[in-house]
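Here are my comments on the model you sent, set out point by point so that you can follow them with the structure open.

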Amino acid sequence: MKELSSYPPLQRKLLIAAVKLLKVGGVLVYSTCTFTSSENEGQISWLLGEFPNIQLESQGKFHLNKESDMRSQFPGCTLSNEQLSLLQSFHPAFIPPTASCMLSPNIDTIGFFIAKLRKFR
């Protein structure tokens, strides 16, 4: 457990460095292979609070999440339903059977989290 609790501070340092290097108009994709909200939604919430010049963007045709009331899935999360709908968090077992064969539930992973962000000033 000690190792898991050490990841969020390291991730924040990496995010700070990435935002500083990102040009205006540049895209930052933040992705993890965990379901830990402190490493996923928590990091995005923190990032948006620290850097008002960063905004979440849709992932377009690659987006799998359905729009719904998502806040109930993340107690204590400060992100809005609109912001949560722009994130992707999924486990391979829950990928719809109609999804691309590249997203087969037989892939060897525990899951994914993906956020697409853009620096706008």
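The points below go from the overall fold to the core and then to a single residue.

1. This is a predicted model, and what follows should be read with that in mind. The protein has three helices and four strands, which, taken along the sequence, follow the pattern α-β-α-β-α-β-β.

2. Among contacts between residues at least 6 apart in sequence, 70% join residues at least 24 apart. Of the 121 residues, 36% count as buried, while the protein exposes about 7,800 Å², with carbon and sulfur atoms supplying 60% of that area.

3. In soluble globular proteins, nonpolar side chains tend to be buried together. Here the largest nonpolar core holds 20 residues, of which I44, L47, I54, L56, L87, A115 and L117 touch the most other members. The elements that contribute two or more residues to this core are α1 (2–21), β1, α2 (41–50), β2 (54–57) and β4 (112–119), and the largest share, four residues, comes from α2. Setting aside residues up to four places away in sequence, L47 touches L15, V19, I54 and L117.

4. Is T32, in strand β1 (residues 27–32), buried or exposed? T32 counts as buried because its relative accessibility is 10%, which falls under the 20% cut-off.

5. The side chain of T32 makes a polar contact with the side chain of N40, at 2.5 Å. Beyond its neighbours within four places in sequence, T32 is in contact with Q11, E39, N40, G111, F112 and F113.

Note on methods
Residues numbered from 1 in each chain as written. Predicted model: local features only at pLDDT ≥ 70, side-chain atom pairs only at ≥ 80, totals over all residues. Heavy atoms only, no water. Buried < 20%, exposed > 50% of the residue type's maximum accessible area, 1.4 Å probe, protein only. Polar contact = N/O pair within 3.5 Å; in protein donor to acceptor, adjacent residues only side chain to side chain. Contact = heavy atoms within 4.5 Å. Areas by Shrake-Rupley, 256 points an atom, 1.4 Å probe, with all protein chains shown as cover. Core = buried A, V, L, I, M, F, W, Y, C linked by side-chain atoms within 4.5 Å.
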